[in-house]
Structures are given as C-alpha cells and as structure tokens.
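The following exercises concern a single protein chain and the ligand that accompanies it. Please inspect the sequence and the model before working through the solutions.

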Amino acid sequence: MTSLADCWAMDAQDPLAALRERFVLPDAMIYLDGNSLGALPKATEARVRDVIAAQWGKDLIKSWNQHDWIGLPRRVGAKIAALIGARPHEVVVADSTSLNVFKALHAALSLRPGRRVILSDEGNFPTDLYMAQGLAELLDDKHELIVVPPEGIADALNDDVAVLMLTEIDYRTGRKHDMKALTAAAHAAGALTIWDLAHSAGAFPVDLNGSDADFAVGCGYKYLNGGPGAPAFIFIAERWQQAASQPLFGWMGHDAPFAFDLDYRPRQGPGESIDRFLVGTPPILSLAALEAGLDQFAGVDMAEVRRKSIALGDLFIALVEQELAGHGLTLASPRDGNRRGSQVSFRHPEGYPIMQALIARGVVGDFRAPDILRFGFTPLYVRYQDVWEAVQRLRVVMVEQDWQRPEYRRRAAVT
Ligand SMILES: *Cc1c(COP(=O)(O)O)cnc(C)c1O
C-alpha cells in the first residue's frame, strides 16, 4: 500500500522539486496535460513584454540586426539540439510540426530515388500520415504510404522502402519505440528515418546522433513549454545537409535572402545549410516565448527528469490499481516505465464524460478517441502528492458517478 505520507516523502527527496517554482500553476488545479500544452514559465511574460516594448516598440525594424531577431530560429534551435542529442547547427525552429513533416519527408524521398514506399505505423499521429498522403498526391502518386502495426515494422522494411517515418511516443498509449534499433533496421534495408519527437523533446533525454537518425521534427508547445501554437523544430543530420532539399522555396531559405535574386538557390555552406528548411519570416514573439520555455531546462539533468517521469507514472499506475480496482479502468500504457514516454493512459468505455467530470474537479488530463483517458506527467512541475490527489479525485468521480451528468457528455471542439 502506498500512502499520502509516502508521496510527501518522495517529494521531500526529489532533486527536481525546486523547478516547480519556475512555473505559473493555478492553485486549485492539478495539471496533467503538459504533454498537450506545457505550463507557462514565470519568465515568459517579462521576456515577451521586453521583446514587444523594448525591441519592437523602441527599435522597430532595426531589431532584426540590433537584437539579432534574424538569428533566433538558429539560436533557439541550438537550445533544442542540446535536449535531443543533436549538434547546434543541425536544428532550426520553423513553422509547425505538420509542415516540418512535409519538408523532411520530401527531402528524404528525394535522397532515395527509385524507392516507392513511405512506411509508418498505426501509432503515428494522424497529421503526420495526412502530410504523407498529401505529398504522395502532389508527387503524382508515385509513392505509397504503408501503415502497419507497430510490431510489424521490422518485417515491412524492404528495398522498396524509401523512408521509415515514426513518432517515437504513441500519443494515445505512451508506448516508446526503440529509436536506435529501428533506425538501424531501416538503414540495413537502405531506408532513411524521420522521427517525430512531439512527445519526446523535453520529456526525457533523446539521442538523435547516438541513434544515427537522419531527420526529426517536433513540437514547441508540449514539453518545451513554448506556449500555444509555438513554432516547431526540424533536425537534419549533418551528413544530409548539403544534399537535402525541401519543396517550399521561401526567401528565408535562400542562400542570400537580401540579394533579392529572381531565382531560388538554397542556403549553402557547412553549418549553414540547415537554414534552407526555413520558409518565411520567423515569428519573433513566439520564438521569444519558446526561448523562455527552453531556458527552464538550463542546468537540469535530463537523466534525472527521466527517472522522475518513470517514478511518477509508476506511482499513478500503482495508485489507480490500489484505489480504483473494480471500476473498469484498464491500463493502456506499457507497465514497464522504460518502454513508456512521460504519460500514462487508461481505457474506459465512458472515458470522455469521466475526463470531463475529473476536469470539473480540478484534475486536468485529456481524452483521446475512442476510449483513452490520458495523463501527462511533466517532471519539471508535477509532484508525487499531485499524483496522489489526482487519483483521489478520480476515485470520487467513479464512486459518486459524477460522469453520468448530461453536461459531461457534450463534446467540446477540442478534447
Ligand atoms: C502534437 C503533435 C503534432 C502537432 O502538429 P502541429 O502541426 O503542431 O499541429 C504532430 N505530430 C505529433 C506526433 C504530435 O503529437
């Protein structure tokens, strides 16, 4: 049996406990959705206000040089690189994750001419698959997207596969792929890899170069705490940077944007050509907020973040099974913490109204169709005592059957 006193003891011994102070967290709310929208760092408001008032307001267009706005996509990219096992010049911040999937996929396909197949799995996030379908249509349906169950990937790799495109963490179940092993399997078949790190970057240590990854993309607004709609990132391994091309020829990707040439020529040069993955003018206010989010990782040991993430997830599973036996909740995530991301999901046929009732009681997780209750554990600001309290409130929802109330069945636009 695990008690509340045990949770307090775990908090008292937590080497990351002080980081919680860096975030704005509403008193009455237990926030278990940092995997969808990271919490607001206390530093962000002042940082963005400074860019607005002192830079935009005072220096106007001079700021592009004076405050190096033009260098922000690379500067912020380098901070992300440190979290994902990349070199500083291998990552740039631009656009949305969806668009970066499109650009990376085009680059990878053009490096594997003659191969037809884009291979992915059923655990991938729909937008990644949609982008692949759209690109295949644009390329006159010469390519085919094949989607297999996660355990069928190795068998589906053959000499017709151009790209293996996977999301490392299944957004529904939290199942974690073995990036290194699957990248090696793809390479053995002659294919390239694209890893979507939406639920990885900032959640645990990622080692792209140690895994020999080719391309990667990821979100700024989840574990990186960059704010709603924060720009995304794209990683291109150094060895592909001179050869890789993407189809959205924008002036920010040009070799000399301010020469205003009539013809496109992608950015050249060692350590520079990642910039060809830029398209248009960078969103400076959003980049400033994302940079403030990334600054919260300064001095943070990601191995410690991983240890705590697994411990929080293990505690949640143990407490749900201890306190809520017989209520029809079944674990949808791997029980082994090493095979999970930083979330735990349970299935229940009434998952949607149960989550709405739980949110009404101040515990914010989310619901993913058809029956998944999803709880994200962000080690920078979630405490062990929060896990205890969340499970107690979930127990009240189940025992008192709050979720039967009709208002909890009404589907909102965003779930
Ligand atoms: C959240 C998420 C996205 C979101 O893409 P946007 O373009 O930012 O909307 C993409 N892929 C995965 C795997 C995600 O989890």
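The exercises below treat a predicted model, beginning with the ligand site and ending with backbone geometry.

**Exercise 1. The ligand site**

Task: Determine how many residues surround the ligand, and state which helices supply at least two residues of the shell.

Solution:
- Step 1. The ligand is surrounded by 13 residues, and the closest are S98, D196, H199, Y221 and K222.
- Step 2. Sorted by class, this shell contains 4 nonpolar, 6 polar and 3 charged residues.
- Step 3. At least two residues of the shell come from each of α5 (97-110) and α6 (126-138).

**Exercise 2. Polar contacts of the ligand**

Task: Identify which atoms of T97, D128 and H199 lie at short range from the ligand, taking a polar contact as a pair of N or O atoms within 3.5 Å.

Solution:
- Step 1. For T97, a backbone N or O atom is 3.4 Å from an oxygen atom of the ligand.
- Step 2. For D128, a side-chain N or O atom is 3.1 Å from a nitrogen atom of the ligand.
- Step 3. For H199, a polar side-chain atom is 3.0 Å from a ligand oxygen atom.
- Step 4. The ligand taken alone exposes 380 Å², of which the protein buries 86%.

**Exercise 3. The sheet of 7 strands**

Task: Establish the order of the strands in the open sheet of 7 strands, and locate its edge strands.

Solution:
- Step 1. The order is β4-β10-β9-β8-β7-β5-β6, and the pairing is mixed.
- Step 2. At the edges are β4 (91-93) and β6 (144-148), each of which pairs on one side only.
- Step 3. On average, neighbouring strands of this sheet are turned by 20° against each other, direction ignored.
- Step 4. Within the sheet, β5 (residues 117-121) and β7 (residues 161-167) run parallel and are joined by 3 bridges; V117 has V161 in β7 as its bridge partner.
- Step 5. Helix α5 lies across β5, β7, β8 (192-196), β9 (215-218) and β10 (233-236), at about 170° to β9. Helix α5 is also one of the elements supplying the ligand shell.

**Exercise 4. The sheet of 4 strands**

Task: Explain why β11 and β14 each have one side without a neighbour in the sheet, and describe which helices lie across the strands.

Solution:
- Step 1. This open sheet has the order β11-β12-β15-β14, with antiparallel pairing.
- Step 2. β11 (330-331) and β14 (366-368) are the edge strands; each has a single partner strand, so one side of each lacks a neighbour in the sheet.
- Step 3. Antiparallel β14 and β15 (residues 372-376) are joined by 3 bridges, and F367 stands opposite L373 in β15.
- Step 4. Helix α10 (residues 302-323) lies across β11, β12 (343-347) and β15, at about 25° to β12.
- Step 5. Helix α11 (residues 351-360) lies across β14 and β15, at about 40° to β15.

**Exercise 5. Backbone geometry in two loops**

Task: Find where P370 and D68 are placed, and state what the backbone geometry is at each.

Solution:
- Step 1. P370 belongs to the loop between β14 and β15.
- Step 2. The peptide bond joining A369 and P370 is cis, with omega of about 0°.
- Step 3. D68 lies in the loop between α3 (63-66) and α4 (72-84).
- Step 4. D68, a residue other than glycine, has a positive phi, near 50°.

Methods:
Residues are numbered from 1 along each chain as its sequence is written. This is a predicted model: local features need pLDDT of at least 70, side-chain atom pairs count only at pLDDT 80 or more; totals for chains, interfaces and linings use all residues. Side-chain values use heavy atoms; hydrogens and water are left out. A residue is near a molecule or strand if one of its heavy atoms lies within 4 Å of it. A polar contact is a pair of N or O atoms within 3.5 Å; within protein, one must be able to donate a hydrogen and the other to accept it, and residues adjacent in sequence count only if both atoms are side-chain atoms. Accessible areas come from the Shrake-Rupley method with a 1.4 Å probe; for residues, only the protein chains shown count as cover. Ala, Val, Leu, Ile, Met, Phe, Trp, Tyr, Cys and Pro count as nonpolar, Asp, Glu, Lys and Arg as charged, and the others, Gly among them, as polar. Two strands pair if DSSP finds at least two bridges between them. Axes are lines fitted to C-alpha atoms, for helices over the stretch in contact, and angles run from 0 to 180 degrees between N-to-C directions. Contact means heavy atoms within 4.5 Å.
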